[in-house]
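Hi everyone, thanks for coming. Please pull the model up on your screens, and I'll talk you through a few parts of it.

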Amino acid sequence: MKKKLLALVLSVIMIAALFVPVLTASAAEGKVVVEIGEVTREVKGTAKVLKVPVNIVENTHGISGLLIEVVNTDGMQTIASEYGDVSSTVTDQFGIETKIALNYTIGTTTTMVGDNKTKYNGAYGRILADTTVAGKDMTGTGYLATLFFLLPETDTENTVYSFKLGDIAEATNNDGVKIAVTMKCKHTATEEQVVKAATCTEAGSVNVVCKDCGEVTDTKTVGALGHDYQAAPGTTATCTEPGKLVEKCSRCDDEKTKEVAALGHDLKETSRKEATCTEDGEIVETCQRDGCDYVKKTPIAKLGHDFSGKVTITKEATATEKGEMTTACVHEGCTEVEKAEIPVKKVSVTSDNVTVKAKDDKVLPADLAKTDSDTAVKVADGLAVATVFTFESKTTNDDLSTVEAEFTLDVSKLAAKFNNMKIVSVKADGTTEEVTATIADGKATFSGKVGGVYAVVGTAVKPVSPQTADATNSVVYVVLALLAVSGLAVIGKKRLAL
């Protein structure tokens, strides 16, 4: 019994072993990969065409038949085709090599009929091939076929075209297995698809995706966009209040503000009242900015009268009667006049260190006063000017340059600085003429015109240097010493005589 059971198990195992190759072959799907070779442009007849080679680049299990449709994604139509030469060889049990190639039936849009003609907008080529040796699979790779697509008028040398497999793309082998056919994509046409959108503050990313096969060929980081600030409603600065400048991002809610300083008033003078001697004036300035009614008023202090102008003698003073003079206010539009008395005239007037006495019973204005003259005096070499003076009065209309007088001048202080002093009369051009004068006991007396210009000139006394003074003192000391010695000698002789 046990022997029969063992024989049955072995039989099952042997039968199962016979089916294992069939199951394995059915399970193996195989792999065929085609690709588009280097396309070129050429003229075929009168047509400008794109020559598109199709190659088998991977064939893992061998094929006995192949059917694919190559589609141009830009809608170009095929107008012609050429066979390829892909093949392989097999060696039989007798060592004989047999070449296995493909028999072609290549269709173009011009040969297709019915639905096939418009299936891909007329833009495809169909390649149908089977092996030349029955029962044998072709395992080679290489040049499969060439399709010629009609180029559009808009074509340029830089235009790039894309191709893909159509709905029909399959192969079979002699084991009856259907093998998927795929196209190795060159990713000539890509587009970017957003994975994560970049924001103002955060980076994003995009995938570079092939438009033909859908493969992600690259992933790129998109930098943060940064804020796109646009002006937004804020507050307008006024003359006295600051404003606010607001900017808001057009992509998000972020905003930033900036304070705008108050403008300050834009003042323009709109009226003015000038001050007078007795009344204050006023300047009125109004702000020119829209919506502001600010007015600034600035007072102008009243001027007060200014009686520094020309004096008018309305009545001359005499030796017995006072006179009268008036001075008008110098401010425009003011008619105010200041009146003042003129003292009685005098026979003589003393001013500073000079006394003037009129001659011929004439009298002099009481306000007659000595003033320094700025006339540039021209004197002879060796002489220096000690002082230059004249006399003036504001209370008389008399021509003082015609009034004869006697001058007495105190020159005692000048005597220590000048020798050989003289009195000279000074003309308008600075030239001088000596005046007869008596100079004695520190006084200089001379006659002249009251309104004339006079100068005291002389030879400047050179100051004694310290060395000269020391030498003089030494001589004095020596003399005194000799006198002392002589006196002692005389006294001694007298004592001896006694």
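I'll start with confidence, then go to a pocket, and finish with two sheets.

First, some ground rules. This is a predicted model, so I only trust local features at a pLDDT of at least 70 and side-chain atom pairs at 80 or more, while totals for chains, interfaces and linings use all residues. Residues are numbered from 1 along each chain as its sequence is written, and side-chain values use heavy atoms, leaving out hydrogens and water.

Okay, pLDDT: that's the predictor's confidence in each residue, from 0 to 100. The protein averages 83, and 83% of its residues reach 70 or more. Where does pLDDT stay under 50? One place is residues 1–28, which have 5 contacts beyond four places in sequence (a contact means heavy atoms within 4.5 Å). Residues 488–498 are also below 50, and that stretch has 0 contacts beyond near neighbours in sequence.

Now the pocket. On a 1 Å grid over the protein atoms alone, a pocket is an open set of points where a 1.4 Å probe fits, with protein on both sides within 12 Å along at least five of seven lines; lining residues have an atom within 4 Å of a point. The largest pocket is lined by 18 residues, and Ile36, Tyr161, Phe163, Lys186 and Thr188 lie nearest its centre. By class, that lining has 8 nonpolar, 5 polar and 5 charged residues.

On to the sheets. Strands here are DSSP runs (E, at least two residues), numbered from the N terminus, and two strands pair if DSSP finds at least two bridges between them.

One open sheet has 3 strands in the order β12-β13-β14, paired antiparallel. β12 (190–196) and β14 (216–222) are the edges, each with a single partner strand, so one side of each has no neighbour in the sheet. β12 pairs with β13 (residues 204–210) over 6 bridges, and lysine 196 stands opposite serine 205 in β13.

The other open sheet also has 3 strands, in the order β15-β16-β17, with antiparallel pairing. Its edge strands, β15 (229–235) and β17, each pair on one side only. What do β16 and β17 form? A hairpin, with 5 residues between them. β16 (residues 243–249) and β17 (residues 255–260) share 6 bridges, and valine 246 stands opposite threonine 257. On the other side, β15 and β16 pair over 5 bridges, with alanine 231 partnered by glutamate 247.

That's my tour, thanks!

Note on methods: Nonpolar A, V, L, I, M, F, W, Y, C, P; charged D, E, K, R; others polar. Helix = DSSP H or I, 4+ residues; strand = E, 2+ residues; numbered from the N terminus.
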